[in-house]
Amino acid sequence: MFRLEKLIRPHLINMQPYSSARDEFKGDANVFLDANENALGSAVAENFNRYPDPYQGKVKQILAKQKQVNPEQIFLGNGSDEAIDLLIRAFCEPRQDKIVITPPTYGMYKVSADIHNVEVIKVSLTSNFQLNEDELNKAFEQAPKIVFLCSPNNPTGNLLQRDVIIRMVTGFEGVVVVDEAYIDFADERSFIQYIDKYPNLVILQTFSKAWGLAALRLGMGFADAAIINIMNKIKPPYNVNAITQLKAIEALNQVGKKEKMVHQILEEREKLIDQLSALELILTIYPTEANFILVRVDQPTVLYNYLVQKNVIVRNRSNVHLCEGCLRITVGSSKENETLINVLKEFKY
Ligand SMILES: *Cc1c(COP(=O)(O)O)cnc(C)c1O
């Protein structure tokens, strides 16, 4: 049985979080002299002299409607990378607790764990990039605090099996994080709908991919309010800046623009897959539900260096477990993809 009080690092339960001026007085007033801000304005054209909302209420209000959750079930962070870091900080005692990851997967789970001196148990995906349920259950006997699952998975591009994820959530006593950074490109529903049912499930999404807002650094976490409360308690007080909050609201009010871009990227992805299939040097094109394509070639590093020399940069993943021989190609604009294909057509070993 999942019990949050037994999972969270004990010293955090009674720890006093930072109390900002805006925590201590939340109402409206004429004169605010409580936060040592510059009342005159800013050294730029627009005014940014007031601290931003520490809990991003306006963003969450719109997001809650779109995602059909309560605002209390949403965490917003400086990229989803901040949420990953905070989850490890909340649950893992350095040099004592463990997390589970399923390589090949996103690199930040291990980096964050390493920073905090938290042991990482690696349970390899199977050769078709799916979860190895038996090995995961074995790893759970070591009582790890968190398992990070990435679906669609980076760098392989595929979705993890839905029923296996659900069995992880119900069978595992720790926290199950499902990182859905690429869910907008997938032919499958998000796991967000399950957060009401499973108090140990955390969904991560981001504004960095489908929304096209990587530079703003805004990541989303969806979970039971108890987990969100802990994340809010230990986060830096003003972790999402005012411009990011403003632009997020602007973006959420133009969800159609995001959907149009996603549609276009999916069209480009299919075109790119067709064109790559026609090339002899591409040995395998892995099925993708993301905005990138993993391909296997004969001499990945030779091809990678050739592309660099032609001013086309892809990601060399050939030294990644189970991705030997692989390059990861982000779906670009129609013109960029055309350049890639033309350059690949000219390649000779
Ligand atoms: C790109 C990516 C993210 C996004 O991180 P941000 O910090 O929100 O930019 C998260 N998870 C995975 C798997 C990714 O590929």
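**Exercise 1. Decide whether N319 is buried or exposed, and say where N319 lies.**

Solution. The relative accessibility of N319 in this predicted model is 67%, so N319 counts as exposed, since the cut-off for that class is over 50%. The next step is to place the residue along the chain, and there N319 falls in the loop between β10 and β11, the latter strand covering residues 326-330. As a last step, compare sequence with space: N319 and A278 are 41 residues apart in sequence, and their C-alpha atoms are 26 Å apart.

**Exercise 2. Find which side chains form polar contacts with the side chain of N316.**

Solution. Begin with the location, which is strand β10, made of residues 315-316. The side chain of N316 is joined to that of T301 by a polar contact of 3.3 Å, and a further polar contact, of 2.7 Å, joins the side chains of N316 and S318. If residues up to four places away in sequence are set aside, N316 touches P300, T301, Y304, C326 and L327.

**Exercise 3. Work out whether N49 is buried or exposed, and which backbone oxygen its side chain reaches.**

Solution. With a relative accessibility of 18%, N49 counts as buried, because buried means under 20%. N49 sits in the loop between α3 (21-24) and α4 (57-67), and from there its side chain reaches the backbone oxygen of N38 at 2.8 Å. Leaving out residues up to four places away in sequence, the residues touched by N49 are E37, N38, A39, G41 and S42.

**Exercise 4. Identify what is unusual about the backbone at P104, P152, Q68 and L322.**

Solution. The starting point is a general rule: most residues other than glycine have a negative phi, and most peptide bonds are trans. Taking the peptide bonds first, the one from P103 to P104 is cis, with omega near 0 degrees, and P104 belongs to the loop between β2 (98-101) and α6 (108-115). The bond from S151 to P152 is also cis, with omega near -5 degrees, and P152 belongs to the loop between β4 (146-150) and α8 (162-171).

Turning to phi, Q68 is not a glycine and yet has a positive value of about 55 degrees; it lies in the loop between α4 and β1 (74-77), and with 71% relative accessibility Q68 counts as exposed. L322, likewise a residue other than glycine, has a positive phi near 70 degrees, and L322 is found in the loop between β10 and β11.

**Exercise 5. Describe the surroundings of the ligand, beginning with the residues that come nearest.**

Solution. There are 13 residues around the ligand, and Y182, T206, S208, K209 and R217 come nearest. Sorting the shell by character gives 4 nonpolar, 5 polar and 4 charged residues. For the side chains, look at N or O atoms: one in N154 is 2.9 Å from an oxygen atom of the ligand, one in K209 is 3.2 Å from an oxygen atom of the ligand, and one in D179 is 2.7 Å from a nitrogen atom of the ligand. Taken alone, the ligand exposes 390 Å², and the protein buries 94% of that area.

**Exercise 6. Test whether the radius of gyration of the protein agrees with that of a compact globule.**

Solution. For 349 residues, a compact globule would have a radius of gyration near 20 Å, and the protein has 22 Å, so the value agrees. To complete the picture, note that 52% of the 349 residues are buried, and that the secondary structure consists of 13 helices and 11 strands.

Key. Residues numbered from 1 in each chain as written. Predicted model: local features only at pLDDT ≥ 70, side-chain atom pairs only at ≥ 80, totals over all residues. Heavy atoms only, no water. Near = heavy atom within 4 Å. Polar contact = N/O pair within 3.5 Å; in protein donor to acceptor, adjacent residues only side chain to side chain. Areas by Shrake-Rupley, 256 points an atom, 1.4 Å probe, with all protein chains shown as cover. Nonpolar A, V, L, I, M, F, W, Y, C, P; charged D, E, K, R; others polar. Helix = DSSP H or I, 4+ residues; strand = E, 2+ residues; numbered from the N terminus. Rg over C-alpha atoms; globule rule 2.2 N^0.38 Å. Buried < 20%, exposed > 50% of the residue type's maximum accessible area, 1.4 Å probe, protein only. Contact = heavy atoms within 4.5 Å.
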